[in-house]
Structures are given as structure tokens and as C-alpha cells.
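This report is meant for a reader who is meeting the structure for the first time. It moves from the strands to the charged pairs, then to the last helix, the loops and the chain as a whole.

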Amino acid sequence: MDLPIQQYPRIESSSIIITTVYIGASADAIRGFITTPIERAVSSISGVDYVESTSVAGLSTVTVRLKLNQTSTVALAEAGNRLDQIRSELPTEAESSVAEVQRADRPYATFYVSVTSTTMTPPELTDYLSREIQPRLSTLSNVQRIGLEGARPQAMRI
């Protein structure tokens, strides 16, 4: 009897990270009003291995670790549905929760592009990159995350 041999078997290990911003709230308030309801809601998603979380002043982060080879797109859709169901339980002042998939089986490749301009100031260039270029790059297939390092956002001083 011959068994097939795969040199590099397909193994998927991923997590869903749910972040919720509630500016001005203490870590205890974040834990009680945001983190705990989100943990309860997402813990029953199919394929969940375990759930861990952190609550600091103004920010809740819930990490849902999926079982090995669990399809992350299905789990992400379920997490989004569960978050929509509990939205009315969360404080109205809190921003909407953001869920994203983070792959643990293969770290994402990173590359940097340096952008300069002779006609735009650094804040104008940052604004252009965040409004025009970043959304276009994020829609490319297999692109997980786009960030602006060294950005200089515009600020208003009165």
C-alpha cells in the first residue's frame, strides 16, 4: 500500500482580532461593558480553540484563536454577525468593533515604499496617500494590511 507524501502540507493557523475603541473609559469599564459581551458572543463561533482579551483605558482587544485548519473567512463572517447582534448591548459612545484575520501559519511579507514630493507638504502627502493610494492597495488580492509609517497627519491648531 502506497501513501502519498506531501513535503509541505497545507496548514492554516489564524486568529480573529476584534478591537473596539471607547475613548475616555477606564480599563474596568472597558472590561465590563465591551470586552465581556464580545467574549461571550464570539466564544461560540464554530472552530474556536480559545479566546483571550486585554482591556486598557479606551481600548478593548479580543483575540479569537481558531483551531488548526479552520477556515478563517467563515469564522470572520460569523464573528461579524455576532458583533452585529450585540451592538445594541455595547455603549453608544463606543466606536464600532473592527474584526480582522491575522495569520499565524505564515507571517505576512513586508515591504516599504518611500514616497516623496516636491509639490506637497508632508501633511498633504499623508492625506493623499491615506485617501487615494492606501484604499487602492488594500483591495489587491492577498494583501492583508496597509500601513503608513512615519505619516504626518494634518492637525488644526486654534
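Strands β2 and β3 pair in the antiparallel sense, and 8 bridges join them. In this model, which is predicted rather than taken from an experiment, the two strands form a hairpin with 2 residues between them, and G58 in the turn has a positive phi of about 85°. Within this pairing, V51 has V64 of β3 as its bridge partner.

Strand β3 also has a second neighbour, since strand β1, covering residues 14-21, runs antiparallel to β3 and is joined to it by 7 bridges. Here the bridge partner of I16 in β3 is V64, the residue that is also the bridge partner of V51. Is β3 enclosed by the rest of the structure or open to the outside? Of its 8 residues, 6 are buried, so β3 is largely enclosed by the rest of the structure. In a regular strand, side chains alternate between the two faces of the sheet.

The charged side chains give another view of how parts of the chain meet, and the count comes to 5 salt bridges. Three of these pairs are set out below, each with the separation of its nitrogen and oxygen atoms and the relative accessible area of both partners.

| Salt bridge | N to O distance | Relative accessible area of the partners |
|---|---|---|
| E39 and R31 | 3.3 Å | E39 18%, R31 35% |
| E52 and R65 | 2.6 Å | E52 33%, R65 27% |
| E132 and R136 | 3.7 Å | E132 28%, R136 56% |

In the pair of E39 and R31, the glutamate E39 counts as buried because its relative accessibility of 18% is under the 20% limit, whereas R31, with a relative accessible area of 35%, is partly exposed. What does the salt bridge between E52 and R65 tie together? The side chains of these two residues meet with nitrogen and oxygen 2.6 Å apart. Because E52 lies in strand β2 (residues 48-56) and R65 in strand β3 (residues 59-66), the pair ties together parts that are 13 residues apart in sequence. Both partners are partly exposed, E52 at 33% relative accessibility and R65 at 27%.

The pair of E132 and R136 belongs to a helix instead. Both residues lie in helix α3 (residues 122-138), and because they are 4 residues apart there, they are separated by about one helical turn. Salt bridges that share partners join D127, R131, E132 and R136 into one network. Of the two partners in the pair, E132 is partly exposed, with a relative accessible area of 28%, while R136 counts as exposed because its value of 56% is over the 50% limit. Looking beyond the network, the C-alpha atoms of R136 and I146, which are 10 residues apart along the chain, are separated by 9.9 Å.

Helix α3 has further features of its own. The helix bends by about 40° at L129, and L129 is buried in α3 together with L125 and T126.

Two loops deserve a separate look. In the loop between β3 and α2 (72-86) lies N69, whose phi is near 65°, a positive value in a residue other than glycine. With a relative accessibility of 39%, N69 counts as partly exposed. The loop between β4 (98-103) and α3 holds V115, which is partly exposed, with a relative accessible area of 38%. Together with F111 and V113, V115 makes a nonpolar surface patch of about 330 Å².

Finally, the chain can be described as a whole. It contains 3 helices and 4 strands, which follow the pattern β-α-β-β-α-β-α when read along the sequence. Of the 158 residues of the chain, 27% count as buried, and the accessible surface comes to about 11,300 Å², of which 53% belongs to carbon and sulfur atoms. Among the contacts in the chain with a separation of 6 or more, 67% are accounted for by residues 24 or more positions apart.

Definitions and conventions:
Residues are numbered from 1 along each chain as its sequence is written. This is a predicted model: local features need pLDDT of at least 70, side-chain atom pairs count only at pLDDT 80 or more; totals for chains, interfaces and linings use all residues. Side-chain values use heavy atoms; hydrogens and water are left out. A salt bridge is a side-chain nitrogen of Lys or Arg within 4 Å of a carboxyl oxygen of Asp or Glu. Buried means under 20% relative accessible area, exposed over 50%, partly exposed in between (1.4 Å probe, protein chains only). Two strands pair if DSSP finds at least two bridges between them. The bend at a residue is the angle between axes fitted to the seven residues ending there and the seven starting there. Patches are made of residues with over 30% relative accessible area and no salt bridge: like charges are joined within 9 Å, nonpolar side chains (Val, Leu, Ile, Met, Phe, Trp, Tyr) within 5 Å. Accessible areas come from the Shrake-Rupley method with a 1.4 Å probe; for residues, only the protein chains shown count as cover. Contact means heavy atoms within 4.5 Å.
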